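Trainee: I should like to learn how to read the surroundings of a ligand, and the spaces inside a protein. May we work through an example together?

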Amino acid sequence: MLKGKKILIGVTGSIAAFKIPVLVRLLKKEGAEVRLILTDTAKDFVTPLTLSTLSEHPVENVFYNSEDGSWHSHIELGNWADVYLVAPVTATTLGKMANGIADNLLTATYLAAKCPVFFAPAMDLDMFRHPTTKINIEKLVSYGNYLIEPKEGELASGLIGAGRMEEPEEIVKILDGFFQKKKDFKGKKVLITAGPTFENIDPVRFIGNYSSGKMGYALAEEFADRGANVDLVSGPVSIHMINQRVSLTNVISAQEMYDEVTGRFEKSDITIMAAAVADYTPEGTGKEKIKKKEKGLTLKLIPTKDILKKLGQSKRKNQLLVGFALETENELENARTKLKNKNLDLIVLNSLKDKGAGFSHDTNKITILDSSGKLESFGLKSKREVARDIVNKILSLSDKSN
Ligand code: CTP
């Protein structure tokens, strides 16, 4: 799928630049045409000679040739490329890209590029964790650029954590997947829920859970990328979603989620309940703040409505319904019971016994069970990759039902 594709790589000054010659070789082996832009500091980590030899093109670095005064148009490179990959991207270049600072050929090309842009951060653990970096990454993703998430591992500083640039083999797979990606859900309406619900006790307190919403949001992005029109009903989370194909509705409580979801269900082709909906809510919310008393406090909780069960009862033959099950024991048995009781087509099981799975993590490890009793287990992956596996599974079912 990469055959004949024009791939422009922007390299910045990170130790991870040593991976770029391997990446260029792999891309060339797949039949892609590769050209490169290096920042000045990148040249300290990987030589232009190595990269121009491997790519069979001169490496670009400046706006103009100081010897003959000829102009190197950044617009031309951005127009030439089918995809622009900035890898490795340092915290500095992330900041420039996120804030429109076009003071070198690499960032000027980013601003001028009309093609999809991928970026693969590489930096030290603490720099990666810094709120500035996080905001810059969020901004770039919200502008429609594709983040190639760094992996956890040993870093050049000797620290261990997130910040290692993705391996060249994986980057090739990601680019290949991008070009292969068919708009296989074009025209489909997909309803997804995400995040926790908060059940108010009084005006300042609530009962909630640790759901981050990352899995539901990753599913929304994946479906949107594959052509679906997505309705995302989300509990309170700290993720920003800006995607033209995703219509976001924010809710707080289980009752609000029930109202929003049941109102949209009839028109949806595929519905996925990834939200961690509260099973109980306080009976009657106090209008005033509950004051401290010596005796202690007993709260009466009453059950919330089971949204998924309700949807399962009114599901039509041509609608697909998918639930999630987060279990801590008797995982398969519990998931099978939920699949049957809620009349689902699929249930996605994650066990809290698996390290890196479940709430808050950027990764997940799932098993998908279908209504015929079949199950498929997957390894630990980023939530975006897990979303891809779930969406592929749904595609195989919708193919059968068509
Ligand atoms: N769910 C729902 N409405 C609720 C509770 C759960 O729609 N009030 C959905 C969740 O979004 C999830 C599935 O049901 O897709 C399973 O949720 P889970 O909390 O694992 O199961 P419960 O049915 O609540 O059972 P239990 O908490 O006893 O495991």
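Mentor: We shall discuss the ligand, then the pocket, then the cavity, and lastly two backbone features. This is a predicted model, in which local features need pLDDT of at least 70 and side-chain atom pairs count only at pLDDT 80 or more, while totals for chains, interfaces and linings use all residues. Residues are numbered from 1 along each chain as its sequence is written, and side-chain values use heavy atoms, with hydrogens and water left out.

Trainee: How many residues surround the ligand, and which are the closest?

Mentor: A residue is near a molecule if one of its heavy atoms lies within 4 Å of it. Here 16 residues surround the ligand, and the closest are M273, A275, D279, K338 and K342. Helices (H or I, at least four residues) and strands (E, at least two) are DSSP runs, numbered from the N terminus. Strand β16 (320-327) and helix α12 (307-314) each supply at least two residues of the shell, and β16 gives the largest share, four residues.

Trainee: Into which classes do the residues of the shell divide?

Mentor: Ala, Val, Leu, Ile, Met, Phe, Trp, Tyr, Cys and Pro count as nonpolar, Asp, Glu, Lys and Arg as charged, and the others, Gly among them, as polar. The shell around the ligand has nine nonpolar, two polar and five charged residues.

Trainee: Which atoms of K342, F324 and M273 lie close to oxygen atoms of the ligand?

Mentor: A polar contact with the ligand is a pair of N or O atoms within 3.5 Å. For K342, a polar side-chain atom lies 2.6 Å from a ligand oxygen. For M273, a backbone N or O atom is 2.7 Å from an oxygen atom of the ligand, and for F324 the corresponding distance, again from a backbone N or O atom, is 2.9 Å. The ligand taken alone exposes 570 Å², of which the protein buries 76%; such areas come from the Shrake-Rupley method with a 1.4 Å probe.

Trainee: Where does the ligand sit?

Mentor: On a 1 Å grid over the protein atoms alone, a pocket is an open set of points with protein on both sides within 12 Å along at least five of seven lines, whereas a cavity is a set where a 1.4 Å probe fits but cannot get out; lining residues have an atom within 4 Å of a point. A molecule sits in one if more than half of its atoms lie within 2 Å of its grid points. The ligand sits in the second largest pocket, which holds about 910 Å³ of space. Its lining has 36 residues, with A275, A276, V277, F324 and L326 nearest the centre. A volume is the space filled by probe spheres set on the points, which are joined across faces, edges and corners.

Trainee: What lines the largest cavity?

Mentor: The largest cavity, of about 40 Å³, is lined by K189, V190, L191, N229, D231, R264, K267 and S268. Strand β8 (189-194) and strand β11 (229-234) each give two or more of these residues.

Trainee: Which peptide bond is cis?

Mentor: The bond from A87 to P88 is cis, with omega near -10 degrees, and P88 is found in strand β3 (residues 83-89). As the second backbone feature, E56 has a positive phi, near 65 degrees, in a residue other than glycine.

Key
Polar contact = N/O pair within 3.5 Å; in protein donor to acceptor, adjacent residues only side chain to side chain.
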